[in-house]
Amino acid sequence: MRGAFVTGTDTGCGKTAVACAAARQAVKEGLRVRVIKPVETGCLEEGNRLRPLDALALAEASADRSPLDEICPYRLRLAAAPQVAADAEGVEISAERIETLVRRAQGQSDLVIVEGAGGLFVPIGPGLDMADLAGRLGLPLLVVARAALGTINHTRLTLEAASRRGLPLLGVVISHTMPDLPSADRANLDLLRRALGPRLLGELPHGADATVPPVPLRTLLSQSATC
Ligand SMILES: Nc1ncnc2c1ncn2[C@@H]1O[C@H](COP(=O)(O)OP(=O)(O)OP(=O)(O)O)[C@@H](O)[C@H]1O
Ligand SMILES: [Mg+2]
């Protein structure tokens, strides 16, 4: 099944930015794209509704006009890990419901992009974390790494976790969330680039207009991924 599960080394590392850029690129190439943000926490309250900003950005980038309940079934108030935010509202997150939505989206599109929350080991519910969900959905991982100090460790941890869980990997995208990096950080990043080799698919420059493709489309559409 064509699609990617966008995860990251951390929260705020650029998953939405990269997923939106990839979606825009695919739409530009004439593909029908569906997006799913299964759980979004920290939603803004607007009257008696909750606005999931990531899901809305993804929907806009992909021109996905599906009902919000299909794009983002779990919209939660608390800006916390999904399990914590769900517990606070007495909500139980169902992996089965999420899988049903993803399978339906796959039947309606050429490419499905799913954005996780936080990183792979973020808890969704008892006995269920983001890595379990990615495995259940059977989508290969697109790992977003933040161009900042600490990213070598975070990226290696994420790739090792993915490998141990047997999750297929499309590759890594570095997102430049900050405008300028000190020279020590740039040197760090060079080492990460060399260490990743072909697993580094691309980089999203800082402030890049969202049409810059961070991932070659053929990679997103490929069925082949490495563990
Ligand atoms: N390439 C970039 N250039 C400029 N700003 C960026 C870039 N990538 C990310 N950002 C900014 O960094 C912040 C975090 O990015 P983003 O929301 O994409 O992260 P995330 O991993 O999706 O976060 P979350 O865990 O909350 O879903 C946002 O304010 C975003 O606009
Ligand atoms: Mg996001």
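Okay, let's start with a term: a pocket here is an open set of grid points where a 1.4 Å probe fits, with protein on both sides within 12 Å along at least five of seven lines. Keep in mind that what we're looking at is a predicted model.

So, pockets. The largest pocket holds about 340 Å³ of space. It has 25 lining residues, and the ones closest to its centre are T11, K15, K37, D54 and G118. If you'd rather think in elements, those giving two or more residues to this lining are α1 (15-28), β3 (39-40), α2 (53-62) and β7 (111-119). Which of them gives the most? That's β7, with four residues. As for chemistry, the lining of this largest pocket splits into ten nonpolar, eight polar and seven charged residues.

Now the runner-up. The second largest pocket comes in at about 160 Å³. Its lining is made up of E46, R49, L50, R51, P52, L56, L68 and R75. Here the top contributor is strand β5, residues 49-51, which gives three residues. And the mix of classes? Four nonpolar, four charged, and no polar residues in the lining of this second pocket.

On to the metal. Which protein atoms are the donors of the magnesium ion, ligand 2? They're OG1 of T16, OD of D54 and OE of E115, and they lie 2.1 to 2.2 Å from the ion. Along the chain, the spacing of these donors reads T-x37-D-x60-E. Two of them tie together distant parts of the chain: D54 is in helix α2 and E115 is in strand β7, 61 residues apart.

Are D54 and E115 buried or exposed? Take E115 to begin with: its relative accessibility is 2%, so E115 counts as buried. The cut-off for buried is under 20% relative accessible area. D54 sits at 22%, so D54 counts as partly exposed. You'll remember D54 from earlier, by the way, as one of the residues closest to the centre of the largest pocket.

Last stop, the aromatic rings. How many aromatic pairs turn up in a search of the whole structure? Zero. There is a ring with a charge over it, though: the charged end of R97 sits over the ring of Y74, 4.9 Å from the ring's centre.

If you want one place to look on your screens, go to D54: it's a magnesium donor, and it's among the residues closest to the centre of the largest pocket. That's me done, thanks!

Note on methods
Residues are numbered from 1 along each chain as its sequence is written. Chains are lettered from A and ligands numbered from 1 in the order in which they are written. This is a predicted model: local features need pLDDT of at least 70, side-chain atom pairs count only at pLDDT 80 or more; totals for chains, interfaces and linings use all residues. Side-chain values use heavy atoms; hydrogens and water are left out. On a 1 Å grid over the protein atoms alone, a cavity is a set of points where a 1.4 Å probe fits but cannot get out, and a pocket is an open set with protein on both sides within 12 Å along at least five of seven lines; lining residues have an atom within 4 Å of a point. Grid points are joined across faces, edges and corners, and a volume is the space filled by probe spheres set on the points. Ala, Val, Leu, Ile, Met, Phe, Trp, Tyr, Cys and Pro count as nonpolar, Asp, Glu, Lys and Arg as charged, and the others, Gly among them, as polar. Rings of Phe, Tyr and Trp (its six-membered ring) pair if their centres lie within 6.5 Å; planes under 30 degrees apart count as stacked, over 60 as edge-to-face and the rest as tilted. A charge sits over a ring if NZ of Lys or CZ of Arg is within 6 Å of the ring centre and within 35 degrees of the ring normal. Donors are N, O and S atoms within 2.8 Å of the metal (3.2 Å for Na, K and Ca); water is not among the atoms, so sites may look incomplete. Buried means under 20% relative accessible area, exposed over 50%, partly exposed in between (1.4 Å probe, protein chains only).
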